[in-house]
Amino acid sequence: MATIEECRAALDKLSDSMRGAEGDVRAAAAMDRSVSCHITDQDVTFAGRMTGGRIEVRDTFPGPPREKAQIRLAMTGDDLLALVNGELHFAKAWGSGRVRLEAGLRDLFHLRKLL
């Protein structure tokens, strides 16, 4: 089981990858939205903003998200690490229910370029 520190490092790695993206992916990453990522097996939530082509994690707290972020993710820590390391394909994980993504329709349209 992935640790909270490994999950935080994975989010940082994802953020770094987003910043280096180009084209449509870069445009999608440039959205300014509140974000939460609930790590279900650790029952911890990382909350912050997607802004300037990065994910800035501002808070980490126990339990599910306290506020409804504009973009909400939920998955196990191991799945987060596998996604970030390219070992798990997002669409398959989302389709099978291993990863939950909730966002407004417009945000989902933009996020598909990232995924």
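Q: In this predicted model, which helices and strands are included in what covers the buried residues of helix 3?
A: Helix 3 spans residues 77-84 and is mostly covered, with 6 of its 8 residues buried. Those buried residues are Gly77, Asp79, Leu80, Ala82, Leu83 and Val84. The elements that cover them include helix 1 (4-19), strand 1, strand 4 (71-75) and helix 4 (90-96).

Q: Which glycine follows helix 3, and what is its phi near?
A: Helix 3 takes in residues 77-84, and the glycine that follows this helix has a positive phi. The residue is glycine 86, and its phi is near 80°.

Q: Is serine 36 buried or exposed?
A: Serine 36 has its place in strand 1. Leaving aside neighbours within four places in sequence, serine 36 is in contact with Thr45, Phe46, Ala47, Pro65, Ala69, Ile71, Arg72 and Leu73. Because buried means under 20% relative accessible area, and serine 36 has a relative accessibility of 2%, serine 36 counts as buried.

Q: Which residue has a backbone oxygen 2.6 Å from a polar atom of the side chain of threonine 45?
A: Threonine 45 lies in strand 2 and is buried, with a relative accessible area of 0%. Not counting residues up to four places away in sequence, threonine 45 touches Ser36, Cys37, His38, Asp59, Thr60, Phe61, Gly63, Pro64 and Pro65. The backbone oxygen that lies 2.6 Å from a polar atom of the threonine 45 side chain belongs to glycine 63.

Q: Is aspartate 43 buried, exposed or partly exposed?
A: Aspartate 43 is placed in the loop between strand 1 and strand 2. Most residues other than glycine have a negative phi, whereas phi of aspartate 43 is positive, near 50°. Because the partly exposed class lies between 20% and 50% relative accessible area, and the value for aspartate 43 is 38%, aspartate 43 is partly exposed.

Q: How far apart in space, C-alpha to C-alpha, are glycine 53 and alanine 30?
A: Glycine 53 is found in the loop between strand 2 and strand 3, and at 8% relative accessibility this glycine counts as buried. Along the sequence, glycine 53 and alanine 30 are 23 residues apart. In space, C-alpha to C-alpha, the distance between glycine 53 and alanine 30 is 4.3 Å.

Q: Why is the sulfur of cysteine 37 not bonded to that of cysteine 7?
A: A disulfide is a covalent bond between the sulfur atoms of two cysteines. A search of the whole structure finds 0 disulfides, and for cysteine 7, which is in no disulfide, the nearest cysteine sulfur is that of cysteine 37. Cysteine 7 is buried, with a relative accessible area of 1%, and cysteine 37 counts as buried at 3% relative accessibility. A disulfide needs the two sulfur atoms to be within 2.5 Å, so the sulfur of cysteine 37 is too far for a bond with its closest cysteine sulfur, in cysteine 7, at a distance of 7.6 Å.

Q: Which strand supplies the largest share of the lining of the largest cavity?
A: The structure holds 1 cavity of 30 Å³ or more, and the largest cavity has a volume of about 70 Å³. Its lining is made of Leu11, Val35, Cys37, Phe46, Ala47, Gly48, Arg49, Ile55, Glu56, Val57 and Leu73, which divide into 8 nonpolar, 1 polar and 2 charged residues. Strand 1, strand 2 and strand 3 each supply at least two residues of this lining. The largest share, 4 residues, comes from strand 2.

Q: How many residues of the lining of the second largest pocket are charged?
A: The second largest pocket has a volume of about 230 Å³ and is lined by 14 residues, among which Ala47, Gly48, Asp59, Phe61 and Glu67 lie nearest its centre. Strand 1 (33-39), strand 2 (44-51) and strand 3 (54-62) each supply at least two residues of the lining of this pocket. When the lining is divided by residue type, there are 5 nonpolar and 3 polar residues, and the number of charged residues is 6.

Note on methods: Residues are numbered from 1 along each chain as its sequence is written. Side-chain values use heavy atoms; hydrogens and water are left out. On a 1 Å grid over the protein atoms alone, a cavity is a set of points where a 1.4 Å probe fits but cannot get out, and a pocket is an open set with protein on both sides within 12 Å along at least five of seven lines; lining residues have an atom within 4 Å of a point. Grid points are joined across faces, edges and corners, and a volume is the space filled by probe spheres set on the points. Ala, Val, Leu, Ile, Met, Phe, Trp, Tyr, Cys and Pro count as nonpolar, Asp, Glu, Lys and Arg as charged, and the others, Gly among them, as polar. Buried means under 20% relative accessible area, exposed over 50%, partly exposed in between (1.4 Å probe, protein chains only). A polar contact is a pair of N or O atoms within 3.5 Å; within protein, one must be able to donate a hydrogen and the other to accept it, and residues adjacent in sequence count only if both atoms are side-chain atoms. Contact means heavy atoms within 4.5 Å.
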